[in-house]
Amino acid sequence: MERNNKVFRTVMGACCGVLALALAGAGVKYFTRKFVVGRLGIRNAVTERIASVNSPNDNRKTVAEGALLPGFTAFVYGIEEKVEAALGANLPLGQAMTEGASALEAKLGLTLGSPDDPSAVDELEGGYLIGRNAKIGDTQLPPMMERLRQTGKPLLFVCTPGKACKVDDAGYDGVLNFDNARKDERLAVLTEAGFGTFDLREAFHAAGFVHHSLFYRTDHHWLPEAACTAARFLAEELNARFGLAIPDGACFDIGNYEEERFEALFLGSNGRKLTLGRCAPEDFSLWSPKFETEYRIRIPSEGLDLTGTHEVLFDRRHLARGDYYRTNPYTAYLRGNTALTQVTNLKRPEGAKLLFIGDSFDNALLNFFVNAVAECAVLDTRMWAEEDAFWAWIAEHAESYDAIVVSGEWFAFGTLL
């Protein structure tokens, strides 16, 4: 019996040793790749070898290799790769390591991103975080606009703003971030093709807004307050172009909405990249009309058909606390990103009917815009698995709308599925 216990302890000790080697190897590799190479920029034969992805056929060595037999080495590699995959999946251990590295960066006074890293996050004046964007020409938008023009409905492309302003951020815009250059090129192409365009960047700038202040500090989305102002600008433009007679009074005055604030609830997309080790979560708010409302909201993909006050436009499940990396409060607006959302304003049956084709910026925009019209429908191409189904819906339903508004950044089909 004692001999069996000794054998058992020996086997368990060996297993624990293998696991310890795998954990050590994965941990060292993860930290080296994310911090030593990725952030400090220390690239040499040693760091490149440690940070590389290993396989049993590699000639490279890791902490777990040494003089072990090839078969045993392959076994350790397998465990090591699974551990590293778990770290990269933002499990608690991986989050803790990444947050620790971010906190160390902050203490060392390191800048957020190296000039040659196109995926880096930068910090603008006032602590506003911004992700870099490459200058990529449009491929999906011009053909889409051409097909929409064939419906014969009034058609307008709306250019939404980004955090970087062409005027106020001249030292950064066009140097590390090419968002405005891409948008300028997009507007030029559409204008040359004879499409109507409306540049919200210019509207906000002319009204004296600082672009940074339109956005969440840690996220790429605009604040609901900014979306309310954008809705007013858009209504004025649609009235001037198409004579839709959309009222521009109480519905677009943020003073006519009640704010429900949730403190330290939101860590935005750029904040999640830097982790809680470098930036703090920010407050998030839902805005509801102080005036009487009644809507019908339909989301076919979710089998949802609700009638009620403004509350039916919110999905409060996205406001749950507990995991900053896997929750997104912004998607509480208009019940998140869906292929098709239709909202009917039962208090204004005589108003205009608008068809929006865009992205998540519309979620906050329509929170205010629906109060001034009879109906809004929003389609997000990223949520349509089949392009033919999208165009079939357009062919069947476009005639019932007074105008089509296109906005957003990416129009490839199915990219969020």
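# A guided tour, strand by strand

Start by selecting residues 155-159, strand β3, together with residues 403-406, strand β12: the two run parallel and are joined by three bridges. Keep in mind as you look around that this is a predicted model. Now pick out Leu-155 and find its bridge partner in β12, which is Ile-404. Strands of a sheet pair through backbone hydrogen bonds, either parallel or antiparallel.

**Widen the view to the sheet**

Next, show the whole open sheet that holds this pair. It has eight strands in the order β4-β3-β12-β10-β11-β9-β7-β8, and the pairing is mixed. Which strands stand at the edges? Select 196-199 and 304-308: these are β4 and β8, and each has a single partner strand, so one side of each is left without a neighbour in the sheet. Look along the sheet and you can follow its twist, which averages 20° from one strand to the next.

**Helices lying across the sheet**

Add residues 179-192 to your selection. This is helix α6, which lies across β3 and β4 and runs at about 165° to β3. Then go to residues 361-369, helix α10, which lies across β10 (353-357) and β11 (375-379), at about 170° to β10.

**Stop at Leu-354**

Stay with strand β10 and click on Leu-354, which is found there. Is Leu-354 buried or exposed? Its relative accessible area is 0%, so Leu-354 is buried. Show its surroundings: beyond its close sequence neighbours (up to four places away), Leu-354 touches residues including Leu-238, Ile-246, Phe-369, Cys-376, Tyr-401 and Val-405. Try a distance from Leu-354 to Phe-369: they are 15 residues apart along the chain, and their C-alpha atoms are separated by 9.8 Å.

**Into the cores**

Leu-354 also belongs to something bigger. The largest nonpolar core has 60 residues, and those touching the most other members are Trp-222, Leu-234, Ile-246, Phe-284, Leu-354, Phe-356 and Phe-369. Select 224-242 to see helix α8, which gives this core its largest share, nine residues. In soluble globular proteins, nonpolar side chains tend to be buried together.

Now centre on Ile-246. Leaving out residues up to four places away in sequence, its contacts include Ala-235, Asn-239, Phe-252, Ala-352 and Ala-372. A second, separate core has 27 residues, among them Met-145, Met-383, Trp-391 and Ala-398.

**Two helices packed together**

Met-145 leads us to helix α5. Select residues 141-149 for α5 and bring back α6: the two pack at an angle of about 35°, with their axes 11 Å apart. Their crossing is right-handed. To see the contact, show Leu-141, Pro-142 and Met-145 of α5, then Arg-186, Val-189 and Leu-190 of α6. How many residues of this contact are nonpolar, polar or charged? There are five nonpolar, no polar and one charged.

**A hairpin**

Move on to residues 121-124 and 128-131. These are strands β1 and β2, antiparallel and joined by four bridges. Leu-124 stands opposite Tyr-128 in β2. Three residues lie between the strands of this hairpin, and Gly-126 takes a positive phi near 90°.

**Last stop: His-310**

Finish in the loop between β8 and β9 (340-345), where you will find His-310. With a relative accessible area of 3%, His-310 is buried. Apart from neighbours within four places in sequence, His-310 is in contact with Trp-287, Ser-288, Pro-289, Thr-293, Tyr-295, Asn-367 and Asn-371.

How values were computed. Residues numbered from 1 in each chain as written. Predicted model: local features only at pLDDT ≥ 70, side-chain atom pairs only at ≥ 80, totals over all residues. Heavy atoms only, no water. Core = buried A, V, L, I, M, F, W, Y, C linked by side-chain atoms within 4.5 Å. Buried < 20%, exposed > 50% of the residue type's maximum accessible area, 1.4 Å probe, protein only. Contact = heavy atoms within 4.5 Å. Pairing = 2+ DSSP bridges. Axes fitted to C-alpha atoms, helices over the stretch in contact; angles between N-to-C directions. Left-handed = near helix turned anticlockwise from the far one by under 90°. Nonpolar A, V, L, I, M, F, W, Y, C, P; charged D, E, K, R; others polar.
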